[in-house]
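Me: I should like to go through this structure by question and answer. Please give the reasoning before each result.

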Amino acid sequence: MTELKFWNTLTRAKEEFQPIDKNNVRMYVCGPTVYDFAHIGNARPVIVFDVLFRLLRHVYGADHVTYVRNITDVDDKINARALRDYPDLPLNEAIAKVTAKTADRFHKDAAALGSLEPTHEPRATAHIDGMVKMIQRLIDKGNAYVTSGREGREVLFAVGSMPDYGKLSNRKLEDQQAGARIAVEDHKRNPADFVLWKESAADEPGWDGSFTEGGESITIHGRPGWHIECSVMSEHHLGETFDIHGGGLDLIFPHHENEIAQSCCAHGNDRMANLWMHNGFLQVEGKKMSKSDGNFVTIAELLETEKFGGRKWPGEVLRLAMLMTHYREPIDFSVKRLEEAEGIYNRWADLALGTDTSGYSPKLPEGFPLLDDLNTPLVINQLQGLYKEAKAGDASARIAFRLGLDLLGFDEIEYASKALLGFGLTEEQQSRIEALRDERLELLKAKNWAEADRIRDELLEQGIQLKDGKNPETGERVTTWEVRR
């Protein structure tokens, strides 16, 4: 069996991956909260864990990998809008109507980025009963308690009941206590205790959560805390302990830490998932993304508007730009980076289109970079080398090149200038092409054949073909251009 190694946030070490059951490799990744359209930072885990999903399918077989990515549709803003817009519908139905547009947009964005659909995509609203049951289990085991806070009754998780709390994030509970404002949170046994269920005000929507503590039955009309959702949805689809849990670096604490606390205490296990993988942060043009700085950009805006860099960007280019940096490293998302990715993509696609891999049963060579903690930048470097060898006539390099593209998620590559064709050439792009065409004409007049050929080849690599002809009246050279099909 091919050896896989990944960095494990839990152990802070690179480990050989050994699935619990190689016939059912199980992975859970935290998905979007569908209150608004997903931004470019949200695109990174979608792409990163899609590459991991593809790799696992390649190694263990497509039918032996289960990938769960949830949709969080329990949110105070969503709930309030559901009550306002659909007061006569049951809450879950009202929420489904409110989130239909944003969820559909997320699916459209993920598809444009070349990502496969997960095996299961549960919604939090479909698992409210399971959350209530898990919370009750935690109460019964002494890991949770009912209390009254400033905003009503709550069920809180007692972090002091779990000796290993803080292990994922490497935070010591006593350090958190030392800096806490005890007086403000005096309804908590420990300042770090977190919400499992919280009461809704009389004018706020919610669900009836029925709990029993110390022989007393308590019904709290409210809604679940954020962390309990993923604990319940992952258990429902993957079991009490599974292979891989993924998400962004920002989720390590408190979200993933609290997931572990809930799941391990509820099930009496020492681990929720064996391997924890986290992608690094993203900034835009050297700055943290924020609406106040004007650099907040959604995936939809990148795909369909000219907000970023004065043009639209194809999903394939966005994907490649992300993969040019190792998933655990921070990434600076910039126009320059996208332009570089587009140039590479166009060259690759031109070669890939004419490559037939039917009949081949690909095997990954030992040391293939994806096997070593998803080293996509090194894969890209290797593909660049294979591209040159294939262009020089090496048939085996051409096959390996094409199969490598598939693993990175470019399996539906169509044409070198799809990046231009599918989204339309901007005026800036057309002006650049025509400027290069005119420059080449002047070079030809000066008999600088080498430089003229360089410009022709550069444009051809980008999917633009120059066609030389003559003006029938003057006999002068005329050059037109077209997007190669």
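Me: How many disulfides does the structure hold?

Reply: This is a predicted model, in which local features need pLDDT of at least 70 and side-chain atom pairs count only at pLDDT 80 or more, while totals for chains, interfaces and linings use all residues. Residues are numbered from 1 along each chain as its sequence is written, and side-chain values use heavy atoms, with hydrogens and water left out. A disulfide is a pair of cysteine sulfur atoms within 2.5 Å. By that criterion, the number of disulfides is zero.

Me: Which cysteine sulfur is nearest to that of Cys30, and how far away is it?

Reply: Cys30 is in no disulfide. The nearest cysteine sulfur belongs to Cys230, at 3.9 Å.

Me: Is Cys265 buried or exposed?

Reply: Buried means under 20% relative accessible area, exposed over 50%, and partly exposed in between (1.4 Å probe, protein chains only). The relative accessibility of Cys265 is 12%, so Cys265 counts as buried.

Me: Which strands stand at the edges of the open sheet?

Reply: Strands are DSSP runs (E, at least two residues), numbered from the N terminus, and two of them pair if DSSP finds at least two bridges between them. Five strands form the open sheet, with antiparallel pairing, in the order β5-β6-β7-β9-β8. Each edge strand has a single partner, so one side of each is left without a neighbour in the sheet; these strands are β5 (144–149) and β8 (207–213).

Me: Which residue in β9 is the bridge partner of Trp197?

Reply: Strand β7 (residues 194–199) pairs with strand β9 (residues 216–224) in the antiparallel sense over three bridges. In β9, the bridge partner of Trp197 is Pro224.

Conventions
Helices (H or I, at least four residues) and strands (E, at least two) are DSSP runs, numbered from the N terminus.
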